Structure formats: C-alpha cells, structure tokens
Amino acid sequence: MDPVRNPYAPGAGQRPPELAGREKQLAAFDVVLERISRGRPERSVVLTGLRGVGKTVLLNHLRSAAIAKSWGTGKIEARPDQGLRRPLSSALHMAVREIAAAHPDPESVDHFLGVLKSFALRATADKGMRERWQPGIDAPAVKGRADSGDIEIDLVELLVDAAGLARDVGVGIALFIDEMQDLGPDDVSAICGACHELSQDTAPLIVVGAGLPHLPAVLSASKSYSERLFTYHRIGRLDRDAADHALIAPAQREDVEFTRDALDLLYETADGYPYFVQAYGKATWDLAADSPITAADVRVAAPTAEEELAVGFFGSRYERATPAEREYMRAMADLSGDDGPIATSKIAAELGRKPASLSPARDGLIKKGLIYSAERGFIGFTVPHFGRYLRSQTD
Ligand SMILES: Nc1ncnc2c1ncn2[C@@H]1O[C@H](COP(=O)(O)OP(=O)(O)OP(=O)(O)O)[C@@H](O)[C@H]1O
Ligand SMILES: [Mg+2]
C-alpha cells in the first residue's frame, strides 16, 4: 500500500503514531505533577527497561504533560565520560526561561541566571580551561553559590534556587535525564543528593530519569536511600491488547484494517516489543497490496523487517563491540535459549576461561550498554532478541 501514508515509525526515540499501553504511567505522572503543584511531597521518577521498549518516547510524553501544566522543563541525554555540569546547565536554563515570563520579579530571575552561569562556568574550570566554552546565559555571573567545584554541593544549591523560582510562579520544574545509567558516579551521587534535599523541602522540582534495567542498582550503589527517593516504573513489552492497538489505531485513521490472523502473527513475531511492532507494522504495510492486511502479507514482509532490524537495531550495536566482547556475547547467546539473564560463571565455563579474565569484556559491554548486570552473578542482553539474532548470524 501507499508508502507515503505508512503511519508506523520504527527508530530510536521516534514518536509512535499511537502511544499504546502506557496509560498507567501517564496517569501516575499526572498525579505527581498535580501533587507537587499543590506543595505535596512526591518522589522523582525513574523509567527502566530494555532497549527499544519505548523509554525515550515515554519520557518525551511525560515532558509534554509537564509543559501542558505550564511547568518549566529541560532534557539531557547522559553520555559515558561526559560531565553533568554543562548539559544540565543548558537544560535548566531552558526550563527557567519557560517560566521566567510569568515570574513577578525579573531581578530574582536574573540573579538565578547569574548563579546558573557560575555553576556552568565551573565546567570549564574543572577542565583546567583547556577549552573555552560559554554557557550562553545572558546575565552577569553571581559568585559564591553553586560554584564550589564540588558537584554535589553545587547541584543542591542550584536546584533549590531553581525550585524557589518555580514556587514563586506556582508551577514546578521537571528535568528529564535519558540514558541515566551513563552518568558518572559523582554525578549520580549529586543527583541523588539534590533530589533528597528537594524532597525534604517539598520543593517543586523533580528529576525524571530513564535507563537500562540496572539503573536502580546504579542509583542505590551511590546512595542507599535512593530506593525511597524515586518511584520506579518498569517499562516492558506491550500486552496483546496494547500491541494490537498500536497497530490498529493508526491504520484505522487511514481506513486500513488487519485480519485477526495477521494480528496473531504480528504479535507472535514482534513479541510485544514496541520497536519490533513498529518495524513489522511498517514493512507489512509497504508490502500489502490492499486492506485488510492478512497473515500472508505479514509472512511476505517479515524478511524485509528482519533485514532492517539486523542493520538498524542489532547490527549497529554489535559493531560497537571489540572482538573479545563479541566472543563473550556469542557465548551468552549460545547459553540463553530464551534470551533471559545468564550466570557469568556459566559463560566463563563455556569459554573455558577464568571468570576474572573475562571482566574487561564484560565491563566493556556494560559500558557500551549492550549487556546489563541483572541480579548478582547474572547478566543479560539489553537488546531484546539479541541472542536470537546472534545465533541466526552464526548458524
Ligand atoms: N507505547 C508505544 N506504543 C507503540 N510504539 C512505541 C511505544 N513506545 C515506543 N514505541 C516505538 O518503539 C521504538 C523505540 O522507542 P524508544 O526509542 O523510545 O525506545 P527506548 O526504550 O528509548 O530504546 P533505547 O534503550 O534503545 O534508547 C520507536 O520506534 C517508537 O516509535
Ligand atoms: Mg531511548
């Protein structure tokens, strides 16, 4: 059918034509926004899940929900080996600009911007001025607050002041952090410390993070109280109804239908993983001649979808791994029939190596976001169906 009218959207962070199966998380977030606006205590929020389950997309929807309530918002994507100071100052700058026009006292906004500038400029100071970088903040720097150089102290001061501005306006500020597991240890600890301080104050500023399944462990390794600091939402596969809805609703808007058999087969193939739902939906639409889309259409389109996933979803990630890391993942794939977590001791046995000698490969893969440490002594692929993909490559 007409590819121009194809509604499906496979791709990292691509807004789906229909956000299916996330009603619970959206409703819970509305309650959080409303409670904070009314000065009630609330926790910050963390979304966790495997690759391609829709964390970024949901994070963006939560951001829209905050904007709809006139909150100030900003977003960062954490990267390994990158400090928090710079991206956070840009995100907070944006959030404060959004609420500044409604603030009764422009001078206190300017004062805050001066503090923010000092905070941001420490990023250059930290690097020994190797690089000249200007935060682009149109206010004179205010010295003596949020600029000690200790990220934990500075972040608490900065966020408490930002929350004060939001409180004056009668709204809140939400800072969104995607790929949160990639923050460095000092930055994680600073975020937790700041959230702790803010919640004791019922200050109207929250952090909304998203990351891989081991993010809660990263947070609690940093601060033991982090379990009580955040509300965790595990984002997973779509159930049958939600997966069907993700396919049917956008098609309906184009006057296209699916047969029951087609939906059965699509669910079996995509396994409810949002990225796969979009990928198979898209390929099937393009190859189907007419509405209704049938199971035969799904069968014809499946190899195209698989090829695209092999390049865009699996292959691009596999290529980031070194030869030793690839060997490690292949051993994992051979051991995990269902792609669930695997004991690291078994992997060592499979490779005929001492567990300690495999630590560099394992740590490298964790750092690259390809595997995660599940419970103690177990690791899993962060990419759904990755084991299956690797087995299909070597078979
Ligand atoms: N609730 C949903 N309903 C239908 N499709 C969705 C839903 N959530 C996400 N998708 C689709 O799934 C794909 C992956 O989404 P997204 O990039 O947000 O995943 P992610 O969890 O952030 O992955 P990664 O860990 O790789 O960053 C996109 O193509 C998106 O359109
Ligand atoms: Mg993402």
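So, Arg353: buried or exposed? In this predicted model, Arg353 comes out as partly exposed, because its relative accessibility is 38%. You'll find Arg353 in the loop between α14 and α15. If we skip residues up to four places away in sequence, Arg353 touches Glu327, Ala348 and Leu358. And for a sense of distance across the model, take Asp81: Arg353 and Asp81 are 272 residues apart in sequence, with 30 Å between their C-alpha atoms.

Let's step back along the chain to α14 itself. That's the helix covering residues 344-351, and right after α14 comes Gly352, with a positive phi near 65 degrees. Which residues of α14 are buried? They are Thr344, Ile347 and Ala348. Now look down the axis of α14: those buried residues fall within an arc of 100 degrees, so they line one face of the helix. Turn to the face pointing away from that buried side, and there you see the exposed residues Lys346 and Ala349. What do the buried residues of α14 pack against? Four elements: the helices α13 (323-335) and α15 (359-367), plus the strands β6 (342-343) and β8 (378-381). And remember Ala348, which is on the buried list for α14; Ala348 is also one of the residues that Arg353 touches.

Okay, on to some helix packing, and here α11 is the one to follow. It runs over residues 274-287, and I'll go through its contacts with two other helices.

Partner one is α9, residues 240-252. The axes of α9 and α11 come within 10 Å and cross at roughly 40 degrees. That crossing angle is why α9 counts as oblique to α11. As for handedness, the crossing of α9 and α11 is right-handed. Which residues meet there? On the α9 side we have Ala243, Ala246, Leu247 and Ala251, and on the α11 side Val277, Gly281 and Trp285. Sort the residues of that contact by type and you get six nonpolar, one polar and no charged.

Partner two is α12, residues 295-318. Here α11 and α12 pack at an angle of about 130 degrees, and their axes are 8 Å apart. Again, the angle is why we call α11 oblique to α12. The crossing of α11 past α12 is right-handed. The list of residues is a long read, so bear with me. From α11, the contact uses Tyr275, Phe276, Ala279, Tyr280, Ala283, Thr284 and Leu287. From α12, the contributors include Asp297, Val298, Val300, Ala301, Ala302, Thr304 and Ala305. Also on the α12 side are Glu306, Leu309, Gly312, Phe313 and Phe314. By type, the contact of α11 with α12 has 14 nonpolar, three polar and two charged residues.

Now a few single residues, starting with strands. Gly74 sits in strand β2, residues 72-77. Gly74 counts as buried, because its relative accessible area is 0%. What surrounds Gly74? Leaving out neighbours within four places in sequence, Gly74 is in contact with Arg63, Ala91, Ala95, Ala174, Leu175 and Phe176. There's also Val96, 22 residues from Gly74 along the chain, with a C-alpha to C-alpha separation of 8.7 Å.

Next, His233, in strand β5, which covers residues 230-234. His233 counts as buried because its relative accessibility is 17%, and the cut-off for buried is under 20%. Its contacts, again without the neighbours within four places, are Gln25, Ala28, Val45, Val46, Leu47 and Thr48.

Then Glu179. Where does Glu179 lie? In the loop between β3 (173-178) and α6 (185-200). Loop or not, Glu179 counts as buried, since its relative accessibility is 16%. With residues up to four places away set aside, Glu179 touches Arg51, Glu77, Ala78 and Ala210.

Last one, Gly39. You'll see Gly39 in the loop between α1 (23-37) and β1 (44-48). Gly39 is partly exposed, because its relative accessible area is 43%. How far is Gly39 from Thr56? Along the sequence, 17 residues; through space, 28 Å from C-alpha to C-alpha.

Definitions and conventions:
Residues are numbered from 1 along each chain as its sequence is written. Chains are lettered from A and ligands numbered from 1 in the order in which they are written. This is a predicted model: local features need pLDDT of at least 70, side-chain atom pairs count only at pLDDT 80 or more; totals for chains, interfaces and linings use all residues. Side-chain values use heavy atoms; hydrogens and water are left out. Axes are lines fitted to C-alpha atoms, for helices over the stretch in contact, and angles run from 0 to 180 degrees between N-to-C directions. Angles under 35 degrees count as roughly parallel, over 145 as roughly antiparallel, 65 to 115 as roughly perpendicular and the rest as oblique. A crossing is left-handed if the near helix is turned anticlockwise from the far one by less than a right angle, and right-handed if clockwise. Contact means heavy atoms within 4.5 Å. Ala, Val, Leu, Ile, Met, Phe, Trp, Tyr, Cys and Pro count as nonpolar, Asp, Glu, Lys and Arg as charged, and the others, Gly among them, as polar. Buried means under 20% relative accessible area, exposed over 50%, partly exposed in between (1.4 Å probe, protein chains only). The arc is that of the directions from the helix axis to the C-beta atoms.
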